[in-house]
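Please work through the exercises below with the sequence and the model side by side. Each task is followed by a solution that goes step by step.

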Amino acid sequence: MTSDPVHGFATHGFDAYGFDTLAIHAGQDPDPATGAVVPPIYQVSTYAQDGVGGLRTGLGVGYEYSRSGNPTRHALEECLRVLEGGARGLAFASGLAAEDTLVRTVCAPGDHVVIPDDAYGGTYRLFAQVLSRWGVAWSAASVTDPAAVRAAVRPETKLVWVETPTNPLLSIADIEALAAVAHQGDALLVVDNTFASPYLQQPLTHGADVVVHSTTKYLGGHSDVVGGALVAADAEVGERLAYHQNAMGAIAGPFDAWLTLRGIKTLGVRMDRHESNAQQVVELLTSHPQVAQVMYPGLDDHPGHAVARRQMRGFGGMVSFRVVGGEAAAVRVAESTNIFVLAESLGGVESLVEHPGRMTHASAAGSPLEVPGDLVRLSVGIESAVDLLADLRSALDRAPA
Ligand SMILES: *Cc1c(COP(=O)(O)O)cnc(C)c1O
């Protein structure tokens, strides 16, 4: 048995179990009050105390107020901690809430961060429009090039921020090499693991200090909940993050935590299907005359293929491609599918298509993070592959330059 760092709940010593067993059981022992096999939705704000300043002992030990701790959220936090192999997991109201809490825990006004020149648009906006006004400076660097990241690091750099694979260009960052860059200075390496999920990649095992998730995506997996998470490798960093989670208040609610836990149980089987469908989509795209370039880390000629092979278990379900005929043709393709739903977000069971330049990454227009106008991004779902291929083929055939 390992003892839970927060409330003394015991979770079984899971180290010997496989990922899919952990996804279903970690943090989710039968409910101590009722024996319920699945953690109940503890829809409650406050908890009775035994005496003034004395928290209850016995069932549900240690809870006082649901901003600082809630059993349903806590089950999710423990599950995420185990899946990422960290010391502390924390669940937030959204991915961006998790990011904001992380930056304002680790940085103070006057500090600096290095962010990817190919980052999620909302992450870029958080640094460029919000945290810059709080006095945190940022530089963008290509995370595929550790020398460029090293050149961007300053004495006051506190975070090196990486996504891998990146959104939307599916570039691959070498986590081990970037951890070495960050640790040469005084910085922590943060990896946004949203695209890979812990099933395909565990950044802490490659030297990262903190993992960020938008659990809205693959972890939740059903496009029915918005959430975020942080997992820290180090218990002391985890403790400071937990302090700020409570002090800043951007927590995941009990129902959102419960939906996310339910999604996580099938993460492994979903990711396997996402990937096999994506591989068939990639085959179709690479041989289609209307497609100028396919970005997918599983392709042998992808510049990050060797690194992806080393640090990932698989290449995932996200595929981007450039359309012959430029922006107008790309927009036409994105608007011409039937099964692929034209929508932002990703990682759900249903396939989605979007035009990053005008949708998810519109806020990066005119910045170093601007994306090509002829780019289309697919989140390949787990529907029948034959239907997805027919849908894409007809959309491409309908959109000649
Ligand atoms: C969606 C996303 C985020 C932001 O998460 P929200 O849950 O939407 O706040 C951060 N990083 C990546 C890579 C994302 O795809």
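The exercises that follow move from domains and cores to helix pairs and then to single residues.

The model is a predicted one, in which local features need pLDDT of at least 70 and side-chain atom pairs count only at pLDDT 80 or more, while totals for chains, interfaces and linings use all residues. Residues are numbered from 1 along each chain as its sequence is written, and side-chain values use heavy atoms, with hydrogens and water left out.

**Exercise 1. Domains**

Task: find which domains the assignment gives, and how far apart their C-alpha centres lie.

Solution. Begin with the bounds, which come from an automatic or database domain assignment: domain 1 covers 19–264 and domain 2 covers 269–397. Next, take the C-alpha centres of the two domains, which lie 26 Å apart. Finally, look at the contact (heavy atoms within 4.5 Å), to which domain 1 gives 38 residues and domain 2 gives 41 residues.

**Exercise 2. Nonpolar cores**

Task: determine how many residues the largest nonpolar core has, and which helix gives the most to it.

Solution. A nonpolar core is a set of buried Ala, Val, Leu, Ile, Met, Phe, Trp, Tyr and Cys residues joined through side-chain atoms within 4.5 Å; buried means under 20% relative accessible area, exposed over 50%, and partly exposed in between, with a 1.4 Å probe and protein chains only. By this rule the largest core has 80 residues, and those with the most contacts inside it include Leu189, Ile264, Leu285 and Phe321. Helix α10 (residues 267–286) is the element that gives the most to this core, with 7 residues; helices here are DSSP runs (H or I, at least four residues), as strands are (E, at least two), numbered from the N terminus. The core also draws at least three residues from each of domain 1 and domain 2. As a close-up, leucine 285 is in contact with Val291, Val294, Val319, Phe321, Leu378 and Leu396, once its neighbours within four places in sequence are left aside. A second, separate core has 30 residues, among them Val103, Tyr124, Leu126 and Leu188.

**Exercise 3. Two helix pairs**

Task: describe the angle and the handedness with which α2 crosses α9, and with which α3 crosses α8.

Solution. Axes are lines fitted to C-alpha atoms, for helices over the stretch in contact, and angles run from 0 to 180 degrees between N-to-C directions. A crossing is left-handed if the near helix is turned anticlockwise from the far one by less than a right angle, and right-handed if clockwise.

- The axes of α2 and helix α9 (residues 254–264) come within 8 Å and cross at roughly 35°, and this crossing is left-handed. Among the residues that make the contact are Leu76 and Leu80 of α2 and Trp258 and Leu261 of α9. By class, this contact has 10 nonpolar, 2 polar and 1 charged residues, where Ala, Val, Leu, Ile, Met, Phe, Trp, Tyr, Cys and Pro count as nonpolar, Asp, Glu, Lys and Arg as charged, and the others, Gly among them, as polar.
- The axes of helix α3 (residues 95–106) and helix α8 (residues 235–248) come within 9 Å and cross at roughly 120°, and the crossing of α3 and α8 is right-handed. The contact includes Asp100 and Arg104 of α3 together with Arg240 and His244 of α8, and its residues divide into 3 nonpolar, 4 polar and 3 charged.

**Exercise 4. Backbone exceptions**

Task: locate the cis peptide bonds in the loop between β6 and α6, and decide whether serine 197 and serine 345 are buried or partly exposed.

Solution. As background, most residues other than glycine have a negative phi, and most peptide bonds are trans. The bond from threonine 164 to proline 165 is cis, with omega near -5°, and another cis bond joins asparagine 167 and proline 168, with omega about 10°. Proline 165 is found in the loop between β6 (157–163) and α6 (175–184), and proline 168 also has its place in the loop between β6 and α6. Turning to phi, serine 197 has a positive value of about 70°; this residue is found in helix α7 (residues 197–200) and is buried, with a relative accessible area of 1%. Serine 345 has a positive phi near 75°, lies in the loop between β12 (341–342) and β13 (352–354), and is partly exposed, with a relative accessible area of 28%.
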